Each structure stands twice: as structure tokens, then as C-alpha cells.
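This report walks through a single protein chain for a reader who has not met it before. Please keep the sequence and the model in view while reading.

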Amino acid sequence: MDYAKMRAIAAELGAYSEQLEGSWSVEIGPSGPILAMLCPSKRHEGAVRRICKQLDVQLPATHPGYICANGPEIEHPAIGRMRRPDAVVIPWG
């Protein structure tokens, strides 16, 4: 299945998931199927926030110009992936 078609299905699932109880996320996996999953608990989110804060303190010395962000959508159509990682180190600005 080509990526444009998978992306369209992901958008439909995203719209559908807004009607479901809880908070859901849609990703496109490595083997092509679209995955819908319940977002992590508040406890998990708190751990991710603490990890991001710790990394943000270290990054100016190890990787100047980078920050740790949580929740951004990372998409790479050429390899057919769309992910929403818990935390990712990315260039600032």
C-alpha cells in the first residue's frame, strides 16, 4: 500500500478516535499497517516530562542548539512511517 493511501486511512482513524473514550493516537508502523493505541497514563506522561527536563539541562553542553520535546509527530513518507514518540531530541528553531 502506498504511503499516501496509508496517510489518508490514518487521518480517517484520527477523526474516528476523537469519538472514542480516552485519548487515542494513530501511527503508521514499519510493516505498513496502521496502529491505533490508547495514549499513556498521567504517571507515564510525568516520567516523560521529567526525562525531557533532565535532557534539556544536559543538551546545551552535549548538543548545543537542540531540545527535548515530547509528543511531536515524526513523519517520513519515503520509508512509510509516522510516529509520535514519547520524547525526541530535535534542533531548536
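What pLDDT does the protein average, and what share of the residues score at least 70? The average is 86, and 91% of the residues reach at least 70, where pLDDT is the predictor's confidence in each residue on a scale from 0 to 100. This is a predicted model, in which local features need pLDDT of at least 70 and side-chain atom pairs count only at pLDDT 80 or more, while totals for chains, interfaces and linings use all residues. Residues are numbered from 1 along each chain as its sequence is written, and side-chain values use heavy atoms, with hydrogens and water left out.

Among the elements, which are DSSP runs numbered from the N terminus (helices: H or I, at least four residues; strands: E, at least two), strand β2 (residues 34-38) has the lowest mean pLDDT, 69, and strand β3 (residues 66-69) the highest, 94. Where pLDDT is low, the predicted coordinates should not be read in detail.

The largest nonpolar core consists of six residues, Y3, M6, A10, V26, I28 and M82; such a core is a set of buried Ala, Val, Leu, Ile, Met, Phe, Trp, Tyr and Cys residues joined through side-chain atoms within 4.5 Å. Buried means under 20% relative accessible area, exposed over 50%, and partly exposed in between (1.4 Å probe, protein chains only). Helix α1 (3-17) and strand β1 (24-28) each supply at least two residues of this core, and the largest share, three residues, comes from α1.

A search of the whole structure finds five salt bridges, each a side-chain nitrogen of Lys or Arg within 4 Å of a carboxyl oxygen of Asp or Glu. Three of them are set out below.

| Salt bridge | N to O distance |
|---|---|
| E73 and R7 | 3.1 Å |
| R7 and E75 | 2.7 Å |
| E27 and R83 | 2.7 Å |

The pair of E27 and R83 links strand β1 with strand β5 (residues 81-83), 56 residues apart. E27 counts as buried because its relative accessibility is 8%, whereas R83 is partly exposed, with a relative accessible area of 29%. Salt bridges that share partners join R7, E73, E75 and R84 into one network. Within this network, R7 counts as partly exposed at 26% relative accessibility, and E73 likewise counts as partly exposed, at 33%.
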